[in-house]
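Student: Could you take me through one part of this model in close detail, with the cut-offs spelled out as you go?

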Amino acid sequence: MTEPKAILTIPGQPPIDLPIRKGTLGQDVIDIGPLGQHEHFSFDPGFTVTASCESKITYIDGDQGILLHRGYPIEELAEKSDYLETCYLLLDGNLPNAQQKAEFENIITTHTMVNRSVEQFLSGFRYDSHPMAMMCGVVGALSSFYHDSLDIADPQHRMITAHRLIAKMPTLAAMCYKHYIGQPYMYPRNELKYAENFLNMMFGTPCANRPVSPVLARAMDLLFLLHADHEQNASTSTVRLAGSSGANPFSCIAAGIAALWGPSHGGANQAVLEMLAEIGDEKHIDTFIRRAKDKNDPFRLMGFGHRVYKNFDPRAKVMKQACDNVLAELGIDNDPLLRIAKRLEQIALEDDYFVDKKLYPNVDFYSGIIMKAIGIPTEMFTVIFATGRTVGWIAHWNEMISNSYRIGRPRQLYTGERQRSITPIEQRG
Ligand code: SDX
């Protein structure tokens, strides 16, 4: 069967055949490679309609509000799986059996410690440094400890690096928090499950053994799971682009952490809580809705809108239910910020501006409220996002490196000066 093609006509040139490639699900793609032979580039700032790669990891249908990880719906994973099992799925491609799951959990558990030198790195940061600034630094520096396993062409090296990163991110995140609040570091404990271990390192102290609430541990595991991967978002695309140069995976993940920090991306969860606090009372909501709609006002309703979802973000739906459960189980179901959030959501979803622009709550809208309920400070929200997303970043990096790839090198539309000569400074106006 002949391959389907699109035909592009450029004035003064013969028609150009552009192959059309079909995926398993979702939009077909037009391969615009042949354009290069015709002295033209495609132009798509923000990559709104550009597929940067082929991938088998995650599928999103923005109109239907569907999110699949290796074919499994996020709602089902949230209900029937857990974070480490989802990590195995994203890396391997299939869910583990009981033995594979136990072995994977043991591998991760036995890689949770970090070199003591990391404490010296952190001691160089001002006590009030933003934890994301610290994470960018220490994660990038991790490569300095693993010179024996940085051959990216070696599948074993790629997998041990994936395991190390998944295992160590909670330890590093908790260390950044402890440095931020001036408390001693807590070491990971091998008898604790992943999310429980993280909360113990965050909130435990050497002075007393304070068991972690199973409610909070379950909510934390769900938060990690819901943030695990999301196709070619800004930070994952950053990791892929950094990886395409052959950079070591720790520095690629550090690049992803940096990209995630922006308030339009993973920094939105912190911005949502700050916005709710700024609103302060339900009677001020209308003012903020007006500001969000005002073209001359840079204010946006944080936690709303998405490049891909033009329907509810399925993660937000799961998060909203978890939010109700956690707050009810903690007996704080009358949280004032949650009341403002729910009222804001209700008004926004009835307002023509948001309805017409299909601006629904996204993953960041409710995650911040759950994290606040767990006791996590807003400055740590994006660090939690980065910790959960690390598996997605490294799964995409591994998928790219284990297949044929080229260095990413976009072109541009140049609208600057034509060539000109230098005027001697004494003659310049
Ligand atoms: C994440 O890509 C991913 O998958 C990301 C993520 C992941 O898991 O990796 O899902 C995580 O980053 C979620 C998004 C978190 N960000 C926020 O909540 C910040 C607030 N949202 C926006 O900044 C915005 O909606 C984006 C950045 C999320 C999407 O931006 P787009 O796709 O570039 O859309 P746009 O900025 O072109 O907006 C389209 C229109 C504009 O109006 P017009 O110029 O057409 O008149 O919608 C308006 C925007 O002004 N708009 C908003 C709005 N979001 C978009 N107006 C008010 N409030 C908002 N939140």
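Tutor: The chain has 17 helices and six strands, taken as DSSP runs numbered from the N terminus (H or I of at least four residues for helices, E of at least two for strands). This is a predicted model, in which local features need pLDDT of at least 70, side-chain atom pairs count only at pLDDT 80 or more, and totals for chains, interfaces and linings use all residues. Residues are numbered from 1 along each chain as its sequence is written, and side-chain values use heavy atoms, with hydrogens and water left out.

Let's look closely at helix α9, residues 234-243, whose buried residues are S235, T236, V239, R240 and G243. Buried here means under 20% relative accessible area, exposed means over 50%, and partly exposed lies in between (1.4 Å probe, protein chains only). These buried residues sit on the same side of α9, because they cover an arc of only 145 degrees around the axis; the arc is that of the directions from the helix axis to the C-beta atoms. Their cover includes α10 (249-260) and α17 (381-401).

For a single-residue view, go to M319 in helix α13, residues 314-329. M319 counts as buried because its relative accessibility is 1%. Leaving aside residues up to four places away in sequence, M319 touches L223, L226, H227, V363, Y366, S367 and I370, where contact means heavy atoms within 4.5 Å. M319 and F304 are 15 residues apart in sequence, and their C-alpha atoms are 14 Å apart in space.

As background for both helices, buried residues make up 49% of the 429 residues in the chain.
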